[in-house]
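Please take the reader through this structure step by step, beginning with how far the model can be trusted and then moving to its interior.

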Amino acid sequence: MEHIWTPWRYTYIKNVDTKPGCVFCTLLSSGDDRTNLIVHRGVLNFIVLNLYPYTSGHLMVVPYKHESSLAELDDATTSELMILAKRAQRILQQEYKPDGFNIGLNLGRVAGAGVRDHLHLHIVPRWAGDANFMSVIGETRTVPEELSETYDRVYKHF
Ligand SMILES: [Zn+2]
């Protein structure tokens with residue numbers, strides 16, 4: 001993977017597409033990706049760990065553009081969103097060896113979106129038995145791995 005430093009692009013994205021007060025836009029405009037759990041910046045999207053993971057390895061692919069609707073997202077961003085989702089799935093499969101995945105979008109409050117104005121594609125590794133465990137503990141979600149450890153395990157693959 002070749003990384004090319006393009007500060008002009010970053011400035012452009014920050015000025016044109018982000019929105020103050022939005023949690024994802026705020027993460028993007030900060031320079032400290034490790035603190036903000038951003039594991040990868042693509043051309044039009046980035047990948048970030050979920051601060052409140054459903055399971056270990058819970059990632060989100062997020063467009064730089066502050067957009068709430070998949071239908072309104074431009075084709076180039078949509079395409080890269082899915083390409084990064086595939087890459088994230090491969091990495092998680094290799095690193096965590098889950099039995100399955102939930103991959104999807106929650107759009108709108110009634111659909112369960114935590115951040116409603118800035119869409120994000122969840123990638124959640126699943127293991128046989130984890131749902132049973134979740135139902136026992138209800139809303140209290142215990143994840144056995146520290147986020148800093150998850151960060152290192154995922155980041156090294158990019
Ligand atoms: Zn935003």
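**Confidence and core**

In this predicted model, the pLDDT stays under 50 over residues 133-137, a stretch for which there is one contact beyond four places in sequence. The protein chain as a whole has a mean pLDDT of 84, with 80% of its residues reaching 70 or more. Over residues 1-16, however, the pLDDT is below 50, and the model gives this stretch four contacts beyond near neighbours in sequence.

Turning to the interior, the largest nonpolar core comprises 26 residues, and those with the most contacts inside it are Ile-47, Val-48, Val-61, Ala-88 and Ile-123. At least two residues of this core come from each of helix 2 (23-29), strand 1 (38-41), strand 2 (45-49), strand 3 (59-63), helix 3 (75-96) and strand 5 (121-126), and the largest share, six residues, is supplied by helix 3. If neighbours within four places in sequence are left aside, Val-48 is in contact with Leu-27, Leu-37, Ile-38, Val-39, Met-60 and Val-62.

Strand 3 deserves a separate look. Five of its five residues are buried, so strand 3 is largely enclosed by the rest of the structure. Leu-59, Val-61 and Pro-63 point one way from this strand, while Met-60 and Val-62 point the other way, and all are buried.

The pairing of strand 3 completes the picture. Strand 2 pairs with strand 3 in the antiparallel sense over five bridges, and Leu-49 stands opposite Leu-59 of strand 3. Strand 3 is also joined to strand 5 by three bridges, the two running antiparallel, and here the bridge partner of Val-61 is Leu-121 in strand 5.

Key:
Residues are numbered from 1 along each chain as its sequence is written. This is a predicted model: local features need pLDDT of at least 70, side-chain atom pairs count only at pLDDT 80 or more; totals for chains, interfaces and linings use all residues. A nonpolar core is a set of buried Ala, Val, Leu, Ile, Met, Phe, Trp, Tyr and Cys residues joined through C-beta atoms within 7 Å. A residue is buried if 20 or more other C-beta atoms lie within 10 Å of its own, exposed if 12 or fewer, and partly exposed in between; C-beta atoms are placed from the backbone. Helices (H or I, at least four residues) and strands (E, at least two) are DSSP runs, numbered from the N terminus. Two residues are in contact if their C-beta atoms, placed from the backbone, lie within 7 Å. pLDDT is the predictor's confidence in each residue, from 0 to 100. Two strands pair if DSSP finds at least two bridges between them.
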